[in-house]
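Here is a short briefing to read beside the model. Start with the aromatic side chains, then move to the metal and the overall fold.

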Amino acid sequence: METQLRDGRTAVAAGRAPVVLLSGVASDSHTWNLVYLQLLIEELGYDVVNLGPCVPDEVLVEACRVQDPAMVVISSVNGHGYQDGLRVVGKLRACERLVATPVVIGGKLGVSGEQSARNVERLVAAGFDAVFDDGGNGIAGFRDFVASVRAARRPMVENVETPA
Ligand code: B12
């Protein structure tokens, strides 16, 4: 599925597996974190729409609304992820279509090392389903989270008759 974004970019997913929307935040120009995460998420069985770095909040919200992804993954490493995350997740949750979509953030979220438990709680209270700060549960925790989302999406097949 191809999405034309307001800032002129085009986001494309191959269209076979459920889609994860991956994005940097408005202030953050780092790119390799997004490349790494795209490869990891594809390895976990999803198509990825990667919006890239420096994504304005409105572009992110619009792309999520149009794509209706199975999950939204936000990455930030420049040290402003806590503030950017608090702001943007409110805008995502204000969109009716994204009220129940799993949304996570991770990376190097602050300028003074690992986020405090209180900051992580604030991000969750603001709307994130999980926070993967580099100092904390990191990639292993993220893999577990993706697996739990996948399991929750699996259709119930107990009552389906198998053809002879
Ligand atoms: C390359 C680089 C740049 C390049 C980026 C080029 C590009 N196109 O990407 C340039 C020169 C542009 C740059 C600029 C800046 N940078 Co810089 N940069 C780096 C550097 C050296 C490598 C980053 C990288 O590519 N790593 C490889 C990728 C694969 O790994 P990663 O980014 O670490 O991401 C991993 C994890 O964070 C995690 N992760 C990330 N997101 C998520 C999300 C989820 C959900 C999960 C589960 C995990 C996860 O998984 C990834 C793989 O392990 C790091 C230092 C370092 N050695 O890491 C600094 C670093 C990230 N930069 C830093 C800073 C401060 C800046 C600037 C503010 C500097 C300045 N004063 O101008 C600007 C910010 C510009 C902006 N607007 O964002 C700091 C951030 C400090 C902080 N967070 O506290 C770092 C850590 C350097 C440092 N030690 O101070 N940078």
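Phe132, Phe142 and Phe145 are linked into a cluster by ring pairs. The model is predicted. Two aromatic pairs are counted in it, given as 2 by the ring-centre rule.

**The Phe132–Phe142 pair**
- The ring centres of Phe132 and Phe142 are 5.5 Å apart, and the planes meet at 85°, so this pair is edge-to-face. The cut-off for that label is over 60 degrees.
- Phe132 belongs to strand 7 (residues 130-133). Phe142 belongs to helix 5 (residues 138-153). The two residues are 10 apart in sequence, so the pair ties those parts together.
- Phe132 is buried, at 8% relative accessible area.
- Phe142 is buried too, with a relative accessible area of 4%. Both values fall under the 20% limit for a buried residue.

**The Phe132–Phe145 pair**
- The rings of Phe132 and Phe145 have centres 6.1 Å apart and planes at 70°, so this pair is also edge-to-face. Its centres fall within the 6.5 Å limit for a ring pair.
- Phe145 sits in helix 5 and Phe132 in strand 7, with their positions 13 residues apart in the numbering, so to speak: they are 13 residues apart. This pair links distant parts of the chain.
- Phe132 and Phe145 are both buried.

**A charge over a ring**
- Arg150 places its charged end over the ring of Tyr46. The distance to the ring centre is 4.9 Å.

**The cobalt site**
- The cobalt atom of the ligand has one protein donor only, His30. The donor atom is NE2, at 2.2 Å.
- His30 lies in a loop. Strand 3 (19-24) comes before that loop, and helix 1 (32-43) comes after it.

**The fold**
- The chain has 5 helices and 7 strands.
- Read from the N terminus, the order of elements is β-β-β-α-β-α-β-α-β-α-β-α.

**Burial, contacts and surface**
- The chain has 164 residues, and 46% of them count as buried.
- Take the contacts between residues at least 6 apart in sequence. Of these, 77% join residues at least 24 apart.
- The accessible surface of the chain is about 8600 Å². Carbon and sulfur atoms account for 54% of that surface.

Notes: Residues are numbered from 1 along each chain as its sequence is written. This is a predicted model: local features need pLDDT of at least 70, side-chain atom pairs count only at pLDDT 80 or more; totals for chains, interfaces and linings use all residues. Side-chain values use heavy atoms; hydrogens and water are left out. Rings of Phe, Tyr and Trp (its six-membered ring) pair if their centres lie within 6.5 Å; planes under 30 degrees apart count as stacked, over 60 as edge-to-face and the rest as tilted. Helices (H or I, at least four residues) and strands (E, at least two) are DSSP runs, numbered from the N terminus. Buried means under 20% relative accessible area, exposed over 50%, partly exposed in between (1.4 Å probe, protein chains only). A charge sits over a ring if NZ of Lys or CZ of Arg is within 6 Å of the ring centre and within 35 degrees of the ring normal. Donors are N, O and S atoms within 2.8 Å of the metal (3.2 Å for Na, K and Ca); water is not among the atoms, so sites may look incomplete. Contact means heavy atoms within 4.5 Å. Accessible areas come from the Shrake-Rupley method with a 1.4 Å probe; for residues, only the protein chains shown count as cover.
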